[in-house]
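Grab your favourite viewer and work through these exercises at your own pace. Each one sets a task and then walks through a solution step by step.

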Amino acid sequence: MNDDLLRKLNTCIQCGTCIASCFSGRVTALNTRKIIMEYIAKGRPVKDDDTIWFCVTCYACQERCPRGIPITDTILEARKELVREKGLPGRLKYAFKFLMEQTAYVPAREEHVKLREEFGLPLYHSQFVDEAREEVSEIVRRHIGGVVR
């Protein structure tokens with residue numbers, strides 16, 4: 001965490017607008033203010049609290065923060081730090097590994113590809129087109145391949 005970000009985070013007045021604005025926090029245990037305060041206090045994200053992954057990055061908290069604190073951006077930075085230290089958490093790790101290898105969460109069956117070709121239907125999805133499949137795999141590998149362990 002750089003000094004500019006730390007100074008900005010320290011301007012938080014604990015008004016709770018971020019929590020009240022959080023759509024994910026209404027249905028999950030996500031508490032953006034708690035995450036930010038612990039991040040400030042410890043200088044790094046809390047490792048034992050997986051609620052940071054419940055943030056859907058809608059930016060509602062950040063847009064409504066009266067102090068202009070980059071809450072969502074800070075959560076994203078904290079996630080990056082966690083991933084660098086620990087890798088992706090549980091199911092995300094398997095999901096991205098599967099996506100990197102299969103290029104789709106529901107891979108196309110070969111017989112469906114043949115039927116689409118036989119009936120003259122377009123191969124609209126990346127899983128049907130070799131170049132698109134390679135591109136998806138490369139994007140996933142480039143951005144998170146190093147952390148899928």
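**Exercise 1. Classify the exposure of Arg142 and describe its salt bridge.**

Step 1. Arg142 has a relative accessible area of 54% and is therefore exposed. The classes are buried under 20% relative accessible area, exposed over 50%, and partly exposed in between (1.4 Å probe, protein chains only).

Step 2. The side chain of Arg142 meets that of Glu138 in a salt bridge, at 3.8 Å from N to O. Such a bridge needs a side-chain nitrogen of Lys or Arg within 4 Å of a carboxyl oxygen of Asp or Glu.

Step 3. Arg142 and Glu138 are four residues apart in helix H8, so about one helical turn separates them. Helices (H or I, at least four residues) and strands (E, at least two) are DSSP runs, numbered from the N terminus.

Step 4. Glu138 has 38% relative accessibility, so this partner is partly exposed.

Before you go on, a word on the input: this is a predicted model, in which local features need pLDDT of at least 70 and side-chain atom pairs count only at pLDDT 80 or more, while totals for chains, interfaces and linings use all residues. Residues are numbered from 1 along each chain as its sequence is written, and side-chain values use heavy atoms, with hydrogens and water left out.

**Exercise 2. How many salt bridges does a search of the whole structure find? Describe the one of Arg7 and the one of Glu77.**

Step 1. The search of the whole structure gives four salt bridges.

Step 2. Arg7 pairs with Asp4, and their closest N and O atoms are 2.6 Å apart. Both residues sit in helix H1 (residues 3-9), three residues apart, about one turn of the helix.

Step 3. Now check the exposure: Arg7 is exposed at 52%, and Asp4 is exposed at 56%.

Step 4. Glu77 pairs with Lys80, with 3.2 Å between the closest N and O atoms. These two are three residues apart in helix H5 (residues 71-86), so they are separated by about one helical turn.

Step 5. Glu77 is partly exposed at 34% relative accessibility, and Lys80 is partly exposed at 42%.

**Exercise 3. Describe how H6 and H8 are arranged, and list the residues that meet.**

Step 1. Start with the descriptors: two packed helices are described by the angle between their axes and the distance between the axes.

Step 2. The axes of H6 and H8 (residues 130-144) come within 7 Å and cross at roughly 140°. That crossing makes H6 oblique to H8. Axes are lines fitted to C-alpha atoms, for helices over the stretch in contact, and angles run from 0 to 180 degrees between N-to-C directions. Angles under 35 degrees count as roughly parallel, over 145 as roughly antiparallel, 65 to 115 as roughly perpendicular, and the rest as oblique.

Step 3. On the H6 side, Phe96, Leu99 and Met100 make the contacts; on the H8 side are Val136, Ser137, Val140, Arg141 and Ile144. Contact means heavy atoms within 4.5 Å.

**Exercise 4. Which residues in the loop between H3 and H4 have a positive phi?**

Step 1. Recall the background: most residues other than glycine have a negative phi, and most peptide bonds are trans.

Step 2. Thr57 has a positive phi of about 55° although it is not a glycine. The loop between helix H3 (32-42) and helix H4 (60-64) holds Thr57, which is partly exposed at 29% relative accessibility.

Step 3. Tyr59 also has a positive phi, near 70°. Tyr59 lies in the loop between H3 and H4 and is partly exposed at 27%.

**Exercise 5. Is Thr51 buried or exposed, and which residues does it touch?**

Step 1. Thr51 is found in the loop between H3 and H4.

Step 2. With 13% relative accessibility, Thr51 counts as buried.

Step 3. Not counting residues up to four places away in sequence, Thr51 touches Ala29, Leu30 and Ile35.

**Exercise 6. Locate Thr11 and list its contacts.**

Step 1. Thr11 lies in the loop between H1 and helix H2 (17-21).

Step 2. Thr11 has a relative accessible area of 26% and is therefore partly exposed.

Step 3. Leaving aside neighbours within four places in sequence, Thr11 is in contact with Arg67 and Ile69.
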